[in-house]
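Reader: Please take one part of this structure and go through it closely, with the cut-offs behind each term. After that, place it beside other parts that can be described in the same way.

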Amino acid sequence: MFPSEELAGPDHYSLQLNVEEACVHLRIDKGKDELEARTIITQDTDYLVTEIKMTNASLLKGISMTVPSRRYVDMNVNYHQLDDTTFYYKGSFYPDGEDKERYEPFSFIVLTKMIGAKGSAEITPDSMRIHLREAKQRVTLFTTVVTEEETKNLLSTALQRMKETVIQIKDMTKSHQEHWRRFWKRSSITLPDKMIEDLWYINLYAIACSSGKGGKMREQACGLNGLWDIKQPTKWGSMWYWDVNIQAAFWPLYTANHLEVAEAFNDGLLSYTALAEQMAQQFYHLEGVAGDYPHALYLSIWPWCAQFLWDYYRYSMDLFFLQDKAYPLFKKIVRFFEGYLSYDSEKGQYDVFPDISPEQGPLTRNSTCTLSTVKYLLQITIEANVLLGEEEADRQKWIELASRLAPYPTAVSNKYGDILLDSEWAPADLHLRHPSLLMPIYPIGEINKNSEETLRKRAENTLRYAETNTEFGMFQFGWLSCAASRLGKGNTALRLLYEQGIDLSLRSNGLFAEETERWMNYCNITNEPLYHPHMMEASGEMVAAVNEMLLQSHSGFIEVFPAVPSGEPEHERTIGLYEHDVEKKVRVYEKWDDCAFQGLLAAGAFEISAMRKQGHTKWVKIRSKAGIRVVMRNPFGSDRKVIVWRLDGMTWIEEDQLEGEYISFGTTKNGEYTIYPHMEGLQPDCFLTELDSEASKFVSGPRVHEAHTHRRVFLGKNQETHHYKTLDHFTFDYYSGNYRESRLAAYRLDFGVNPEVLDKDYFKVLPRQVHMDGVIGQTFRKITRDMVFTHYTGIGWEKADDLIAVDRGEPDGLRRDFIGGKSESVFVIELPKGRYDLLFVSGDSDLPSYTEIEIEGQCVWKPDHVLKSGEFATDILPVTQRKDGYVNIHFRTRDDSQWRINVLIVNKNYTYL
């Protein structure tokens, strides 16, 4: 979209994604002029609808249609105007690996129709710009996509579809709104930590949008990069790799009460069964489904994937699904392992050899990941066999196999104590690519906070080992956090979620990527991807980690708020060798004394809602979708008597009074029950109404979190975000893989009034830099208007004539004051031979300004417009010093304006060679 010149330099501009309504909202205001655009992708149909409202019909000049370029796809695109309201482009390309001599290219059409305006197309080889005319104050754009998988008659099909759309627009919009209303009604959360709360909603929305349900190429939707695999080259693309990357994306859907999205995993996995059977026969000469398809010797893949079908049954209690889909697959995977496992007669155990721990390598025996997934597969297959009344002989055979499976490999680490090993042949100090040795803790839950002390302590030690020695990536932070929650360590779970996830890989849009301004994944250091789109596994881990803190049901009973953070200090990741302040080694994250959730799903098909106030559970509500007996850890404490109320029509009736550590009672299908501590004279209505008034509300401004490196992490952004990110980039450590790199400052200069007039506490302005070895970096040096350069000082103004120094008092400690003028001035700094980056901040809170900056003999920076009062420019210029000497920095302005300089920071990149 191209707004007219009337909206240039707007008073207000916002572009927001509203996940609750599943729409993108654009708003531009200037004076009395206002343009708004609202875009949705209609539910269950292939339409994109943009509704535009303008106070003046001339505010929108035009729109464009274009195809994102892809380096490795030779795409042929032709743009066309059919009439003055209908425009389209046809595209064709050969998918990767397609035999061009045998097949025609894949073809598609994208067609847009305008209602409320006419247009004329200006076509270039790369795009089509549509200039509007006769526009009304309301314009609607309808866009649809048709591919050759639907029809060979692309244009006629698109036109017929568009004809139907214009008639049905109200129904389509209503259906879209109703779908997302139902989606969010299923479950919701309310947390004191609003960044975590917002990320739960944003990433659950991302998963739902990327399920591929109803699509022709589902693996392209919910593969590694999901819907964001647009620009090439990327590292991974979007495919179903059937590794942790895919599994993690679906982890949260069961507790989040979105089994309808989890069905995409079921259907996708089952569609690969024939290929996995073929691999078993041709590669191993065995019957059944190869446990390692499609990655040879990753034997945990299919046993791991089977967990998702079992969870679908446990959380839905759909016996038909278990009988028709899940159990037959379980038997085929077990059949493969009956032939693959090798028996060691001396030890009396079955071993997995050869084996590879996922993405860890090298070849090994008895990886913890494979042993635990095979063991759990046998257990759920045995349980399914009993539930379905299947052959007892099979059951007995599997019981024998499970009982003789090799034990998990363990060792005693000098640093961590008794730990699980990644595999039998792995050393105790092995660097981990994946924390897959946590599999018995999460997701399986075999070892948890209720386990006997030796096992629990081993699990806690293993978690400490894994968090310190696992490669930073998309796959580890949520897994570590979930494991901490299973061990009842809510503070650790929250720290790991921040420290190894949000602190490193969160982008301002609420999604996660393998490159941010704070971190670069090791895989991308050793390869050549140019683009780093969102990774779907991170969305799954973000939501799953929050779920685990709020509700667990893996051990045969339901527990609400099993691992909520209590606000106790957590040891931060060590900065270096010489910590100057002991208290900086720990961090206190917000405690969740007041939190609530609605509609989360527990095993047994129980929808659970609960509220926690002042550190105590206030009430729990249960809706029994299957009508089986509920078992729950007493949410109010083992010494508290519990009142159970049942909803009968519109009336709550007291059902039972229970006490003890665990409470249990029978339920009816779709029956609703409320549990609260015994308090005379109170009815369930007094408790339940409080949740509705605390529904989540998204805010328009960015949320800000300070990472353990002191860099700020933003959720959302505004005109200030770039300034703070750039300042942080010049000051604080950056992660290259798992290794911290420090910024080396040659100068940190604060321009403005004399310190006698304004005494600044620079720590409040920007925390002191702490290098990776623990050494504190330099603070700011004050530059005043009367500091004239001498060779003795090595820094200063060439001359001080016509310079002014002013303190405006705002917006912050660094930008409140400045040095400026109307005539050109030169600032001189001494720099040895080398390559440098120069950061500058320029602006004025009260008056417009225009500042050109020239690095003499090297480069000139000019703003693209006059900065308004309160507007600041923050940018970076390269400086190359080919020999020891001085750098002259020129500041100048236009005839009708004035220049300003607030801050200069010079960082050294490396010695000039």
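Author: The part chosen is strand 43 (residues 852-855), which is covered on both faces. Glu852 and Glu854 lie on one side, Ile853 and Ile855 on the other, and all four are buried (buried is under 20% relative accessible area, exposed over 50%, partly exposed in between, with a 1.4 Å probe and protein chains only). Strands here are DSSP runs of E with at least two residues, helices are runs of H or I with at least four, and both are numbered from the N terminus. The model is predicted: local features need pLDDT of at least 70, side-chain atom pairs count only at pLDDT 80 or more, and totals for chains, interfaces and linings use all residues. Residues are numbered from 1 along each chain as its sequence is written, and side-chain values use heavy atoms, with hydrogens and water left out.

Strand 43 has antiparallel partners. With strand 46 (residues 885-892) it shares 4 bridges (two strands pair if DSSP finds at least two bridges between them). Glu854 has His890 as its bridge partner in strand 46. Strand 44 (residues 859-861) is joined to strand 43 by 3 bridges, also antiparallel, and there Ile853 is matched with Trp861. These two strands, 43 and 44, make a hairpin with 3 residues between them, and Gly857 in the turn has a positive phi of about 80°.

Another hairpin is formed by strand 28 (residues 642-648) and strand 29 (residues 651-658), which run antiparallel and are joined by 7 bridges. Val642 is the bridge partner of Leu658 in this pair. The hairpin has 2 residues between its strands, and Gly649 takes a positive phi near 70°. Strand 28 is also joined by 5 bridges to strand 31 (residues 671-677), again antiparallel, where Val644 stands opposite Ile675.

An open sheet of 8 strands has the order 2-3-4-5-12-9-8-7, with antiparallel pairing. Its edges are strand 2 (12-18) and strand 7 (76-83), each pairing on one side only. Neighbouring strands of this sheet are turned by 15° against each other on average, direction ignored (axes are lines fitted to C-alpha atoms, for helices over the stretch in contact, and angles run from 0 to 180 degrees between N-to-C directions). Within the sheet, strand 5 (residues 47-54) and strand 12 (residues 138-147) are joined by 7 bridges, and Leu48 is the bridge partner of Thr143. Helix 1 (residues 154-186) packs on the sheet, touching strands that include strand 5 and strand 12, and its direction makes about 125° with that of strand 12 (contact means heavy atoms within 4.5 Å).

Helices also pack on each other. Helix 7 (residues 301-316) and helix 9 (residues 368-388) meet at an angle of about 35°, with their axes 9 Å apart. Residues in this contact include Trp304 and Trp310 of helix 7 and Leu377 and Ile380 of helix 9.

Finally, the cysteines. The count is 0 disulfides (a disulfide is a pair of cysteine sulfur atoms within 2.5 Å). Cys523 is buried, with a relative accessible area of 10%, and its sulfur is too far for a bond because the closest cysteine sulfur, in Cys369, is 18 Å away. Cys595 is likewise buried, at 4% relative accessibility, and its closest cysteine sulfur, in Cys482, is 16 Å away, too far for a bond.
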